[in-house]
Amino acid sequence: MLHVGIVGRGPWAETIRRTLESVPLSGAARVVWQYGRDWRSDVASEKAHRADAVVIACRAADHAEVAEYFLARGIPVYIEKPLCLRPSEVVRLRQIVAAQSPIQVAVGYQGLSAPEYIRLREDVMVSDGNGIL
């Protein structure tokens, strides 16, 4: 069973929680904690470290900080769009992932063919020589 933590308490985080809890495969995933804006103090508890993976569905301005915290500890993350707000945050997260490799990071975005996204990807994404990260 995959133990999942969620950072975020807004409508989208609640949708993700309900979806994970309703997965028909018995024992596939279980939400073990969900924290809101006070995640920094909450996550310091022993309970937070029982998560096998973390879904980041909080304010976009907090995505990079939350992702950095968990990635630095070797915990895979799924980050709701946007990944972060500044190119420097993308670079910082990439450095953490490279140092912890192999670690899994996924970013939710359904508009991959949207012209705005394509331009953003070309402008700010970082290449490791094997493709876009």
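**Exercise 1. The protein as a whole**

Of the 133 residues of the protein, what percentage count as buried? Work this out for the predicted model, and then describe the order of its helices and strands.

*Solution.* Begin with burial: 35% of the 133 residues count as buried in this predicted model. Turn next to the surface, where the protein exposes about 7,900 Å², with carbon and sulfur atoms supplying 53% of that area. The secondary structure comes to 5 helices and 5 strands, and reading along the sequence gives the pattern β-α-β-α-β-α-β-α-β-α. Finally, consider the contacts in the protein with a separation of 6 or more: residues 24 or more positions apart account for 61% of them.

**Exercise 2. Two helices side by side**

Determine at what angle α3 and α4 pack and which residues meet between them.

*Solution.* Two packed helices are described by the angle between their axes and the distance between the axes. Here helix α3, residues 63-71, packs with α4 at an angle of about 10 degrees, and the two axes are 10 Å apart. Angles under 35 degrees count as roughly parallel, and therefore α3 is roughly parallel to α4. On the α3 side, the residues that meet the other helix are A64, A67, E68 and L71, while α4 contributes E89, R92, L93, I96, V97 and Q100. Sorted by class, this contact has 6 nonpolar, 1 polar and 3 charged residues.

**Exercise 3. The nonpolar cores**

Find which residues touch the most other members of the largest nonpolar core, and which element supplies its largest share.

*Solution.* In soluble globular proteins, nonpolar side chains tend to be buried together. The largest nonpolar core in this model has 24 residues, of which W33, V54 and F70 touch the most other members. At least two residues of this core come from each of β2 (29-35), α2 (39-43), β3 (53-56), α3, β4 and α4. The largest share belongs to α3, which supplies 6 residues. Apart from this core there is a second, separate one of 8 residues, including A13, V31, V55 and A57. To complete the picture of α3, look at its burial: the helix is mostly covered, with 7 of its 9 residues buried, namely H63, A64, V66, A67, Y69, F70 and L71.

**Exercise 4. Buried or exposed?**

Classify E14, P11, V43 and D38 as buried or exposed, and say where each is placed.

*Solution.* Take the two residues of helix α1 together. E14 is placed in this helix, which spans residues 11-21, and E14 counts as buried because its relative accessible area of 19% is under the 20% cut-off. Leaving aside neighbours within four places in sequence, E14 is in contact with R9 and Q34. P11 also lies in helix α1, but its relative accessibility of 71% is over 50%, so P11 is exposed.

Now move to helix α2, where V43 is found; at 1% relative accessibility, V43 counts as buried. D38 has its place in the loop between β2 and α2, and with a relative accessible area of 55% D38 is exposed.

**Exercise 5. Apart in sequence, and in space**

For P11, V43 and D38, give a partner farther along or back in the chain and the C-alpha to C-alpha distance to that partner.

*Solution.* P11 is paired with C58, which is 47 residues away in sequence, and their C-alpha atoms are 9.8 Å apart. V43 is paired with Y69, at 26 residues apart in sequence and 9.8 Å in space. D38 is paired with G8, 30 residues apart along the chain, and here the C-alpha atoms are separated by 9.6 Å.

**Exercise 6. A cis peptide bond**

Identify the two residues joined by a cis peptide bond, and locate P82 in the chain.

*Solution.* The cis peptide bond joins K81 and P82, with an omega of about -5 degrees. As for location, P82 has its place in the loop between β4, residues 77-80, and α4, residues 87-100.

How values were computed:
Residues are numbered from 1 along each chain as its sequence is written. This is a predicted model: local features need pLDDT of at least 70, side-chain atom pairs count only at pLDDT 80 or more; totals for chains, interfaces and linings use all residues. Side-chain values use heavy atoms; hydrogens and water are left out. Helices (H or I, at least four residues) and strands (E, at least two) are DSSP runs, numbered from the N terminus. Buried means under 20% relative accessible area, exposed over 50%, partly exposed in between (1.4 Å probe, protein chains only). Contact means heavy atoms within 4.5 Å. Accessible areas come from the Shrake-Rupley method with a 1.4 Å probe; for residues, only the protein chains shown count as cover. Axes are lines fitted to C-alpha atoms, for helices over the stretch in contact, and angles run from 0 to 180 degrees between N-to-C directions. Angles under 35 degrees count as roughly parallel, over 145 as roughly antiparallel, 65 to 115 as roughly perpendicular and the rest as oblique. Ala, Val, Leu, Ile, Met, Phe, Trp, Tyr, Cys and Pro count as nonpolar, Asp, Glu, Lys and Arg as charged, and the others, Gly among them, as polar. A nonpolar core is a set of buried Ala, Val, Leu, Ile, Met, Phe, Trp, Tyr and Cys residues joined through side-chain atoms within 4.5 Å.
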